[in-house]
Amino acid sequence: MDNLKTDSRLRISDLISNYLKGNLSEAEHAELFSWVEASEENSALFDTILNENELETSYTEYRSFDTEHALANVKARLQPTHVKPFKLHSNWLLAAATVILCIAIGVPAYLHHSPQQAIAVIKKNHEISPGGNKAILTLANGSKVVLNGAANGNIASQGSTTIKKLSNGVVAYNKNSSSDTRFAAITYNVMSTPRGGQYHLILADGTNVWLNAASSIKFPVVFNGNERKVQITGEAYFEVAHDKTKPFRVESEGQTIEVLGTHFNVNTYADENDIKTTLLEGSVKIKAGDKSYLLKPGEQSHLKNGDISITQADMDEALAWKNGVFHFNEASIESVMKQISRWYDVDVQYEGRIKERTFSGEISMNVNASQILDAMRFKKIHYTIEGKTIIVRP
């Protein structure tokens, strides 16, 4: 009987080890999550394994003591507890999770693994990797520059403006201070990000713009006249340089945002239910048709079918992408999968009738897609990956 228990524990250890590597087959996924869902204790243990703070403390402590003491300490820590569904974790912590798990379920031989050995064990294969800094810059003459492939330094010149890629990857427009451009013809550039791409741009007036995946911004090489006007699609976060003599206007489908100098986020994705503008500081005026509204910090406007409504914003949710995380607050499966589709450059298909379920939690955008999708199994959502398509089913 004891041998059977040991074999079962070893099997679960192997399954979770391979889960962390990203090497589970569909049948093994089903086997592992059948075990996870079999009891609250199993579910709590699995959650704890993925909890960064718990792992770091446990791993450090067990390495500092003898085997029996370490085993007692870790087992005591791995009692069922409530853990936030999604947590951030680094690569070495995933390796440590394998070691901690094996201790918790009775395989102390894994105590002989060093962190470096454990890291080597979890090299991931056959995964959908996260996006990164990717964008294409289209110049006034129609030529295109692939920014993620461009070397640091000067990229191009547009009239009296030099375009430079800085050492941190940011693209900045620098106007020659000695040039008089007041009467020069306005020329435009366009920066666009693909699915799986984001980018940071500094305009000629010093305004900072962060583009989310599948987004674009059309902007003048230099701002002449009595206004600063840009056009966007998708989603962008702005930190507008203050200039009371030149209002800054952001045009998108159905609305115009007017500011003097402020920080705000605007989400205009065509596949979303509405256009959302979220204000962090300062003030912005939202215009749609013959209607206009003044937003206050902490507020969010919603434009739908020509009508504008104002609500208090969930700032963590609105700015999550810019801060490098997914943040879900009672989000529907469709909302979650739209974000996954954009960031991981995948298509999504649904099979069968998916019951209405919501998801809450936070996880780094720098993890492979399976780590987010596997967390959704706790809500009885299952998936398969076929090439660049994720198939979701109940």
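Here's a quick tour of a pocket, two nonpolar cores and one arginine. The model is predicted, so to speak of local features takes pLDDT of at least 70 and side-chain atom pairs count only at pLDDT 80 or more, while totals for chains, interfaces and linings use all residues. Residues are numbered from 1 along each chain as its sequence is written, and side-chain values use heavy atoms, leaving out hydrogens and water.

**The pocket**
- A pocket here is an open set of points on a 1 Å grid over the protein atoms alone, where a 1.4 Å probe fits, with protein on both sides within 12 Å along at least five of seven lines; lining residues have an atom within 4 Å of a point.
- The largest pocket has a volume (the space filled by probe spheres set on the points) of about 690 Å³.
- Its lining has 31 residues, and Asn267, Glu272, Glu317, Ser335 and Gln339 are the closest to the centre.
- β21 gives the largest share of that lining, 7 residues; strands are DSSP runs of E, at least two residues, numbered from the N terminus.

**The cores**
- A nonpolar core is a set of buried (under 20% relative accessible area, 1.4 Å probe, protein chains only) Ala, Val, Leu, Ile, Met, Phe, Trp, Tyr and Cys residues joined through side-chain atoms within 4.5 Å.
- The largest one has 40 residues, and Met191, Ile217, Phe238 and Phe264 have the most contacts inside it.
- Apart from it lies another core of 29 residues, including Trp321 and Tyr344.

**Arg249**
- You'll find Arg249 in strand β13 (residues 248-252).
- Beyond its neighbours within four places in sequence, Arg249 is in contact (heavy atoms within 4.5 Å) with residues including Glu227 and Glu258.

Technical notes:
Helices (H or I, at least four residues) and strands (E, at least two) are DSSP runs, numbered from the N terminus. Buried means under 20% relative accessible area, exposed over 50%, partly exposed in between (1.4 Å probe, protein chains only).
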